[in-house]
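Biologist: Please teach me how to read this structure one feature at a time, beginning with any empty space inside.

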Amino acid sequence: MPPDHSSRIAESDVASFLSTSDDAAPLLDVTDLRTHIHTDHGPVRAVDGVSFTVDRGEAVCLVGESGSGKSVTCESLTGIVPSPPAEMVGGSVSFEGTSLHDGDTDLRAVRGDRIGHVFQNPQHALDPVYTVGEQLAEAVTVHRDVSDEAARDRAVELLGRVGIPNPAERVKDYPHEFSGGMRQRVALAIALAADPELLVADEPTTAVDVTVQARLLALLRDLLANGVGLLLVTHDLRVVAELADRVLVMFGGTIVERGPVEAVFERPAHPYTQALFDSYDGFARRPDRPARDDVPEDGCRFRAECPHAIEACSGPNQPPEYAVAGDEDHTASCVYYAEDRPADDLLADARAASPTEAEGDDD
Ligand code: SF4
């Protein structure tokens, strides 16, 4: 049975959204986002007061260990975080100046059309009972009023664009006939089907070899050059170095450091960022640290394992984001960067933890 196209987004819904968009506003504006996950032991603050923007043609990378809140942040933007158990309990998300969570916006008119998502697990995007071509064509026709033939042609084009060899034949295959890395590329092709203005991609280059990764990075750079905004989650610092304009470091559901990629790589200021970069062997990834269940509820979330913790770190709130060495674009949520406290020791540690330094050591 072919896919059901009856769910095609009404053009009036998209037009209604477009009519309220503000070109002067950031492409994506997230303010004080808070998402809780309800468990038998009470709510877990998976995302706890996260704010950031993504502009047109800008790549913003979210880094941090598993469980730091990166994926839940991405899935909260257009309401695809599984609810229950997750619940967005506060904050706002605006796309081109239009609030996405005010109850008036039809998120289906935005999701997949103007904001494309690539999930960490490509199984989320693929249905095992339809061919890859049917699913790609569905992703086109649900947002665009095109003929079935044009949708099929577009499916072949998209599959070729993400580097699947022999795309005209492979569109006839089912997801289980593709490797894990190929399924991930198919998921990326689906996310690009409607030419979104923002791509939210969670680990889009994992499980692919270096040749394919280079091709995917070239594709992402091409999207950026054409004004597409990119919010990227990745553990791969090489990918961050290749693509990112700005880096957001997450720990315990909060952003603990942010800044231009050069500043964060050359001078990782927050003790968690330093520990994270230290856990990499140069740019290569070491195994994940074990998941934590001991993140403090108040004060600095990182203080239980911070080698620099002092009494001021105990609370009651996560420290504000302070400018690092007078650079307002580079901030760290750490009491040492308050004006009255010398941060020389932390900044000395920064040089040792810098992945760019580590790369130089290898030469
Ligand atoms: S605020 Fe305190 S505990 Fe937190 S990272 Fe800074 S020094 Fe460490």
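Modeller: On a 1 Å grid over the protein atoms alone, a cavity is a set of points where a 1.4 Å probe fits but cannot get out, and its lining residues have an atom within 4 Å of a point. Grid points are joined across faces, edges and corners, and the volume is the space filled by probe spheres set on the points. The model is predicted, so to speak of a local feature requires pLDDT of at least 70 and side-chain atom pairs count only at pLDDT 80 or more, whereas totals for chains, interfaces and linings use all residues. Residues are numbered from 1 along each chain as its sequence is written, and side-chain values use heavy atoms, with hydrogens and water left out.

Biologist: How many cavities of 30 Å³ or more does this rule give, and what volume has the second largest?

Modeller: The count comes to 3 cavities of 30 Å³ or more, and the second largest has a volume of about 80 Å³. Its lining is made of 13 residues, and those nearest its centre are C300, C306, C313, C334 and V335. By class, this lining has 9 nonpolar, 3 polar and 1 charged residues, where Ala, Val, Leu, Ile, Met, Phe, Trp, Tyr, Cys and Pro count as nonpolar, Asp, Glu, Lys and Arg as charged, and the others, Gly among them, as polar.

Biologist: In what order do the 4 strands of the open antiparallel sheet lie?

Modeller: Helices (H or I, at least four residues) and strands (E, at least two) are DSSP runs numbered from the N terminus, and two strands pair if DSSP finds at least two bridges between them. Here the order is β2-β1-β4-β5, with β2 (42-54) and β5 (98-99) as the edge strands, each pairing on one side only. Strand β1 (residues 28-39) is joined to strand β4 (residues 86-95) by 8 antiparallel bridges; within β4, R34 has G90 as its bridge partner, and D29 stands opposite S94. β4 and β5 also form a hairpin with 2 residues between them, where E96 in the turn has a positive phi of about 50°.

Biologist: Which strands make up the sheet of 8?

Modeller: That open sheet has mixed pairing and the order β6-β7-β8-β3-β9-β10-β12-β11. β6 (115-118) and β11 (322-324) each have a single partner strand, so one side of each edge strand is left without a neighbour in the sheet. β6 runs parallel to strand β7 (residues 198-202) over 4 bridges, and G116 is found opposite L199 in β7.

Biologist: How do helices α3 and α6 lie to each other?

Modeller: Two packed helices are described by the angle between their axes and the distance between the axes. Axes are lines fitted to C-alpha atoms, for helices over the stretch in contact, and angles run from 0 to 180 degrees between N-to-C directions. The axes of α3 (residues 132-141) and α6 (residues 180-191) come within 9 Å and cross at roughly 25°. The two helices are therefore roughly parallel to each other, a term for angles under 35 degrees. In contact (heavy atoms within 4.5 Å), V132, Q135, L136 and A139 of α3 meet V186, A189 and I190 of α6, and this contact has 6 nonpolar, 1 polar and no charged residues.

Terms used
Parallel < 35°, antiparallel > 145°, perpendicular 65-115°, else oblique. 1 Å grid on protein atoms, 1.4 Å probe; cavity = no way out; pocket = protein on both sides within 12 Å on 5 of 7 lines; lining within 4 Å.
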